[in-house]
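Me: Hey, can you walk me through a bit of this fold? I'm new to this, so plain words please.
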Amino acid sequence: MPNMSLTRQPMPTQEPQVRRHNFDEVATGYTKEQAVDEAKRCLHCKNAPCVGGCPVQIDIPAFIACVAAEDFEGAYQVISRSSSLPAVCGRVCPQETQCEQRCVRGIKGEPVAIGRLERFVADWHNAHGQADITPTTAQNGHRVAVIGSGPSGLTCAGDLVKKGYDVTLYEALHTAGGVLVYGIPEFRLPKKIVQQEIDSLVAMGVHLETNMVIGKVLSVDELFDEYGFEAVYIASGAGLPRFMGIPGENLKGVYSANEFLTRVNLMKAYRDASATPILQAKRVAVVGGGNVAMDAARCALRLGAEEVSIVYRRSAQELPARAEEVQHAQEEGVVFRFLTNPTEIVADDNRYVAGMRCVEMMLGEPDDSGRRRPVVKPDSDFVLDVDCVIMAIGTSPNPLIKSTTHGLETHSWGGIVADEDGLTSRKGVYAGGDAVTGAATVILAMGAGKKAAYAIDEYIRNKQ
């Protein structure tokens, strides 16, 4: 029988006062019974608007029908035809603004919990599915290099190896996964899940080379001329942090969110026996309002801070972070200081952070983004008592590849210029994900990787 409930199955989670003291995953996942019950809420609309909201075009009604029929492996096979990273997407995609936003059930009541069902299916497969993965397609004799093993690079590599290409994936760090391992915390995305996805791609035939900084160890030209690759996909992300340019940003105790999260997530600074140094702060200010700011704030809490504040220059209505991440942060005790903007970081006698001078803001007319522009409220200066400041105001692409690749056109802000298929100004060179758009979402980066894989296949097959 269809489930006509207006409300979705709630996601089981750790209690806030428990989870704020550990790095275990916050959401514990649906049970089999919850997943089947939720899947039966799907109306199986004829035109499936949810699929149009998915950047990688997963056949959502088909996989949900399999879940409702308790064919969980069948559901996984449907998802994996379109997505190389289902366990990741089920956890970190902003489904509420994509597939779920278009769900017809959401017109009256709550949309089907598509993301939660995707996570359930991927976790079920990882626990019960066939472990042996062998290359399914005969090699076609063509070689492609992929630079960067984040979500865009992993997706492109996975789609190309399925088409028979000999794919080498180059990663600058010592561990593959890109932002999935250095940026997103363990409590949102366990690293063993990322590793399982990477292991699957390697088992399918993708060659992985870590500690390979393209633009330094090898150039893009050398990949073509000396290594014989016929196409290159640049998916090097946006790892260059931005700062505000205010006094005191060079003090001890000021981090970019990138550095802070890399120390915590990739280098395991949260573990008792970790050799990675990180400041044991008592009062932390995180400047910014996106998902990265939420991640940094929640990590700081778990590292033992007594008070963690999100300092954001607009109001709660303009907050760009996912509603679920904001809710989790609030439940855990993060303080939100809206309409507040830093003007200076104050030093003690030893050049450590001793406070952050701020001004109160008011919202004026909308700016180019459509959000109301914040303006300073006169005579509103005050000093926030903090001993650590984390800047989470965005990132841009690293200039290394653009500065070492002749003829590669880039935007003034550093992003690589590419068309909708990922083709750059260099023949045979494609790019996508954050290296092109600047910092965006995992699923949009995956969508770019998927389009580029298709375009690279067309390019190589049609070469004279």
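Reply: Sure, let's start with one pair: Ser-309 stands opposite Val-335, which is in β9. Keep in mind that this is a predicted model.

Me: OK, and how many bridges join β8 to β9?
Reply: Three bridges join them, and the two strands run parallel. β8 covers residues 307–311.

Me: What's the strand order in the open sheet they belong to?
Reply: The order is β6-β14-β7-β8-β9, so to speak a row of five strands with parallel pairing.

Me: Which ones are the edge strands?
Reply: β6 (254–256) and β9 are the edge strands, and each of them pairs on one side only. On average, neighbouring strands of this sheet are turned by 20° against each other, direction ignored.

Me: Which strands does α13 lie across?
Reply: α13 lies across β7 (283–287), β8, β9 and β14 (388–391). α13 runs at about 170° to β8.

Me: Switching topic: which residues of α14 are buried?
Reply: In α14, which spans residues 323–332, the buried ones are Glu-325, Val-326, His-328, Ala-329 and Glu-332.

Me: Why are those on the same side of the helix?
Reply: Because they cover an arc of only 165° around the axis, they end up on the same side of α14.

Me: And what covers them?
Reply: The cover includes α1 (16–19), α13 (291–302) and β9 (335–337). That's the same β9 that is an edge strand of the sheet.

Me: Last one: what follows α14?
Reply: Gly-333 does, and its phi is positive, near 105°.

Terms used. Residues numbered from 1 in each chain as written. Predicted model: local features only at pLDDT ≥ 70, side-chain atom pairs only at ≥ 80, totals over all residues. Heavy atoms only, no water. Buried < 20%, exposed > 50% of the residue type's maximum accessible area, 1.4 Å probe, protein only. Helix = DSSP H or I, 4+ residues; strand = E, 2+ residues; numbered from the N terminus. Arc of directions from axis to C-beta. Contact = heavy atoms within 4.5 Å. Pairing = 2+ DSSP bridges. Axes fitted to C-alpha atoms, helices over the stretch in contact; angles between N-to-C directions.
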